[in-house]
Amino acid sequence: MPGLVIVGAQWGDEGKGKVVDLLGERAHSVIRFQGGNNAGHTIVRGDETFKFHLIPSGILYEDCNCVIGNGVVVDPRVLIEEIDGLRRQRVDLRGLKVSANAHLIMPYHLLLDHAGEAKLGKREIGTTKRGIGPCYADKAARLGIRVQDILDEKILRQKIAAALEPKRLTLREFEKDPRLDMHQMVEDYLAYGQRLAPHIADTPPIAWQGLDEGRLVIFEGAQGTLLDIDHGTYPFVTSSNTVAGAACSGAGVGPKAIDEIWGIAKAYCTRVGAGPFPTELHDQLGDRLRKAGHEFGTTTGRERRCGWLDMVALRYSARINSLTGLVLTKLDVLTGIDPIRVAVRYAGAEDATFEDFPYHQSVLHHASGEYVDLPGWDEDITGARTLEELPANARRYLEFIEEQLGIPVVTIGVGPARDEIIWTDAAASIAAA
Ligand code: IMP
């Protein structure tokens with residue numbers, strides 16, 4: 001005990017990094033199990049700022065094993081930049097391990113991501129253009145280049161040639177792009193291999209060891225449940241499984257290794273990129289949430305779309321992830337808003353209503369939230385460290401969420417700083433494992 005999975009319960013950017021950072025201090029290991037450098041978060045420690053895209057934030061603790069699992073897609077250039085940046089900040093990187101089975105983002109994946117979006121035009125997904133989708137597509141097509149391949153020139157050359165062959169037609173417009181020079185690509189990736197070699201490992205045994213010793217092993221997801229390729233708002237999703245179940249395949253453990261599953265949700269909702277968003281606010285209140293919550297992407301700098309908390313989506317998320325606890329972040333952003341609206345069902349076309357998250361794309365595109373209004377609060381809550389220190393209406397908001405979900409709110413974010421958080425007893429006992 002315990003294997004703890006941390007997943008985003010909404011559309012990503014819920015603040016997983018901060019929670020993992022706080023728990024990482026006690027953990028044997030933190031293992032990222034999917035996604036790539038489409039994710040990102042910032043950790044502030046004293047007057048130093050650390051920016052992460054691929055490396056789990058547990059790296060700031062010397063005794064924590066930080067693993068980029070086999071389910072992740074790795075852009076080695078970005079990873080090396082991140083390693084160099086952390087080294088300049090005097091972070092000890094000996095605990096960083098990268099699965100030899102993780103797939104590599106190649107220069108042609110980036111070009112294909114751009115080309116794919118350009119082709120879709122107005123119907124674009126709004127991807128982060130980091131090559132994530134094309135890389136996972138190659139993985140499924142068994143044309144992927146894996147981390148282990150950059151340690152062997154002959155294999156690397158053969159695999160790149162095989163991967164490029166079926167893409168010639170699509171890549172024709174980039175024919176003269178120096179990034180597609182096969183010789184250069186092999187050279188570059190072999191050089192990356194040399195740099196990454198000390199970190200490349202068979203990673204599942206790291207998790208097994210921690211679990212066998214009864215230590216805290218954290219499985220860290222990226223993006224959020226509604227961006228899951230199977231269970232999210234397809235096709236406006238990322239190209240991997242973001243749900244808790246993916247922790248097993250993406251890290252190399254069985255379902256019995258998981259004891260607790262925490263979903264991270266904001267006290268409201270945001271989304272970047274295109275796709276349905278039934279509680280989206282297009283008015284000044286949306287702008288207010290964006291400003292107060294600093295809702296601009298860490299990775300792409302894009303403005304995030306903002307809206308009210310959506311309990312239809314959150315109930316779905318609790319179910320599909322088997323959540324055992326909810327971490328509610330950014331509660332302070334709601335301070336001063338009265339009433340606070342929460343969607344409890346959707347209204348659809350032809351007077352239809354939906355208590356459950358609609359599986360059908362067209363239905364979801366026409367859905368809008370039906371709301372319950374809850375009373376707000378004006379008091380500054382950033383100093384609260386216990387539930388009792390919160391205003392009664394803030395506590396009422398949390399209780400409403402718990403009733404709707406049937407699971408406890410275990411931790412509450414009350415401000416941007418590291419210590420601006422309320423740990424309930426349930427959360428503290430996990431952290432102390
Ligand atoms: P991709 O993952 O770059 O292919 O983008 C697919 C969709 O997922 C787009 O709507 C992105 O905006 C969204 N997305 C990818 N990563 C994140 C993230 O870390 N936070 C929020 N949205 C993301």
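Here are three short exercises, each with a worked solution, on a predicted model.

**Exercise 1. The surroundings of strand 16**

Find which strands pair with strand 16, and in which sense each of them runs.

*Solution.*

Step 1. Begin with strand 16 itself, which spans residues 340-347. It is mostly covered, with 6 of its 8 residues buried.

Step 2. Look for a parallel neighbour. Strand 14 (residues 309-310) runs parallel to strand 16, and 2 bridges join them. Here Asp 310 has Ala 343 of strand 16 as its bridge partner.

Step 3. Turn to the antiparallel neighbours. Strand 18 (residues 368-374) pairs with strand 16 over 7 bridges in the antiparallel sense. Strand 17 (residues 353-354) is also antiparallel to strand 16, joined by 2 bridges.

Step 4. Now pick out Tyr 346. Its bridge partner in strand 18 is Gly 369, while in strand 17 Tyr 346 stands opposite Phe 354.

Step 5. Finish at the turn. The hairpin of strand 16 and strand 17 has 5 residues between the strands, and in this hairpin Glu 350 takes a positive phi near 55 degrees.

**Exercise 2. Two helices that cross**

Work out why helix 10 counts as oblique to helix 12, and which residues meet there.

*Solution.*

Step 1. Locate the pair: helix 10 covers residues 311-321 and helix 12 covers residues 392-405. Their axes come within 9 Å and cross at roughly 55 degrees.

Step 2. Classify the angle. Angles under 35 degrees count as roughly parallel, and 65 to 115 as roughly perpendicular. The crossing angle therefore makes helix 10 oblique to helix 12.

Step 3. Add the handedness: helix 10 passes helix 12 in a right-handed crossing.

Step 4. List the residues. Helix 10 brings Met 311, Leu 314, Arg 315 and Ala 318, which meet Phe 400, Ile 401, Gln 404 and Leu 405 of helix 12. By character, the residues of this contact are 6 nonpolar, 1 polar and 1 charged.

**Exercise 3. The open sheet**

Trace the open sheet of 10 strands, then say which strands form its edges and where helix 12 packs on it.

*Solution.*

Step 1. Follow the order 9-7-5-2-10-1-11-15-19-20; the pairing is mixed.

Step 2. Go to the edges. These are strand 9 (200-201) and strand 20 (421-423), each pairing on one side only.

Step 3. Check strand 9. It pairs with strand 7 (residues 96-99) in the parallel sense over 2 bridges, and Val 98 has Ile 200 in strand 9 as its bridge partner.

Step 4. Place the helix. Helix 12 packs on the sheet and touches strand 15 (325-329) and strand 19 (409-413). The direction of helix 12 makes about 145 degrees with that of strand 15.

Conventions
Residues are numbered from 1 along each chain as its sequence is written. This is a predicted model: local features need pLDDT of at least 70, side-chain atom pairs count only at pLDDT 80 or more; totals for chains, interfaces and linings use all residues. Side-chain values use heavy atoms; hydrogens and water are left out. Buried means under 20% relative accessible area, exposed over 50%, partly exposed in between (1.4 Å probe, protein chains only). Helices (H or I, at least four residues) and strands (E, at least two) are DSSP runs, numbered from the N terminus. Two strands pair if DSSP finds at least two bridges between them. Axes are lines fitted to C-alpha atoms, for helices over the stretch in contact, and angles run from 0 to 180 degrees between N-to-C directions. Angles under 35 degrees count as roughly parallel, over 145 as roughly antiparallel, 65 to 115 as roughly perpendicular and the rest as oblique. A crossing is left-handed if the near helix is turned anticlockwise from the far one by less than a right angle, and right-handed if clockwise. Contact means heavy atoms within 4.5 Å. Ala, Val, Leu, Ile, Met, Phe, Trp, Tyr, Cys and Pro count as nonpolar, Asp, Glu, Lys and Arg as charged, and the others, Gly among them, as polar.
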